[in-house]
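Here's a quick tour of one protein chain, written for someone who'd rather be at the bench. Have a look at the sequence and the model first.

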Amino acid sequence: MGAKALFFFALLSFSAVSVRQAFAENEEDPGLVMNFYKDTCPQAEDIIKEQVRLLYKRHKNTAFSWLRNIFHDCAVQSCDASLLLDSTRRTLSEKDMDRSFGLRNFRYIETVKEALERECPGVVSCADILVLSGRDGIVSLGGPHIPLKTGRRDGRKSRADVIEEYLPDHNESISVVLDRFASMGIDTPGLVALLGAHSVGRTHCVKLVHRLYPEVDPALNPDHVPHMLYKCPDAIPDPKAVQYVRNDRGTPMVLDNNYYRNILDNKGLLLVDHQLATDKRTKPYVKKMAKSQDYFFKEFSRAITLLSENNPLTGTKGEIRKQCTVANKHH
């Protein structure tokens, strides 16, 4: 066999191996898919839904936590449940950072995990539990049911060191907030819809006293100020005291488009709420969502889907944690 023939034969063999390898890798990692656990843990999504329902029945405020978890985990580099990891002697966790102030109820994720471990040990990731509990929490609050893919795996380390690079702050300009979300593939109407999550829950006084002291922000609706001052009577709130203002006094436990009507009426608590209703890039969508709850739900569902699919670990990447608060020990 001549040198050219040998080279051609070797090239064909190499190509065949490459194709087989690529096919095997593709089989190994289907990425995120609908009903990922249909064969390995068919009851997984029903168990999560039932646990969320029971926990919401006992502790209404869990639903806000489920919803916030998706944003605080998935917006920081990857949807990998890094938010749930505890601090160690060497590493501060994301959930213990100042930027995570007000996040709580993590223990209930562990309750859901324990229920799943009883049914199918070592199968369902904490990252999928975090996302699906968020989805079911949205329904508990009167929001839309959002079909979400699964198949995420868990990261092994917290991302506290990069949290400031990814998580937009409520005091930042709307331009920065738009850029941060655009980097995840979420456009302007998607961002406006996601901030509609401020329709439920509460804002701690420590995050809004700068709009009240030493002088009241003139942009605030004067009819709303007395209530804010009553709820936040101190310029420097006691961090141990639970002082807060409900985001939406009209329907505080319902995810609805009332938020948009409030911010158009200058009743937004945070600076980002105010900017959303006044910036020329976002105001048209605010007005559209204030008029149509269906439009709000449609854009909210689309944005939550994009957020939940931000750079997940799939296939053989990451791991399935035994406990959501600690990475598995590898010997």
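Is Ile320 buried or exposed, going by its relative accessibility? This is a predicted model, so keep that in mind throughout. With a relative accessibility of 17%, Ile320 counts as buried, because the cut-off for that label is under 20%.

Where does that residue sit? Ile320 is in the segment after helix 13. Its C-alpha atom is 5.9 Å from that of Arg153, although the two positions lie 167 residues apart along the chain count. Setting aside neighbours within four places in sequence, Ile320 touches a set of residues including Lys113, Val123, Arg153 and Asp154.

**Disulfides**

The count comes to four disulfides. Numbering the bonded cysteines along the chain, the pattern reads 1-4, 2-3, 5-8, 6-7. Here are three of the pairs.

| Pair | S to S distance |
|---|---|
| Cys41 and Cys120 | 1.8 Å |
| Cys126 and Cys324 | 2.1 Å |
| Cys205 and Cys232 | 2.0 Å |

Cys41 and Cys120 link distant parts of the chain, 79 residues apart: Cys41 is in the loop between helix 1 and helix 2, and Cys120 is in the loop between helix 4 and helix 5. Both ends are tucked away, as Cys41 is buried at 2% relative accessible area and Cys120 is buried at 7%.

For the next pair, Cys126 lies in helix 5 and Cys324 in the segment after helix 13, so this bond ties together parts 198 residues apart in sequence. The S-S torsion is about -95°, which makes the Cys126 and Cys324 disulfide left-handed. Cys126 is buried at 0%, and Cys324 counts as buried at 1%.

Cys205 and Cys232 also form a left-handed disulfide, because the torsion about their S-S bond is about -80°. Both of these cysteines are buried.

**Thr203 and helix 12**

Thr203 sits in strand 1 and counts as buried at 7% relative accessibility. Its side chain makes a polar contact with the side chain of Asn247, at 2.6 Å.

Over in helix 12, Val286, Met289 and Ala290 are buried. Viewed down the axis of helix 12, the buried residues fall within an arc of 105°, so they line one face of the helix. They pack against helix 8, helix 10, helix 11 and helix 13.

**An annotated position**

Finally, an unreviewed UniProt entry has a "binding site" annotation that covers Pro168. Pro168 is in the loop between helix 6 and helix 7, and at 13% relative accessibility Pro168 counts as buried.

How values were computed
Residues numbered from 1 in each chain as written. Predicted model: local features only at pLDDT ≥ 70, side-chain atom pairs only at ≥ 80, totals over all residues. Heavy atoms only, no water. UniProt positions renumbered as here; feature names shortened; annotations may be inferred. Helix = DSSP H or I, 4+ residues; strand = E, 2+ residues; numbered from the N terminus. Buried < 20%, exposed > 50% of the residue type's maximum accessible area, 1.4 Å probe, protein only. Arc of directions from axis to C-beta. Contact = heavy atoms within 4.5 Å. Polar contact = N/O pair within 3.5 Å; in protein donor to acceptor, adjacent residues only side chain to side chain. Disulfide = S-S within 2.5 Å.
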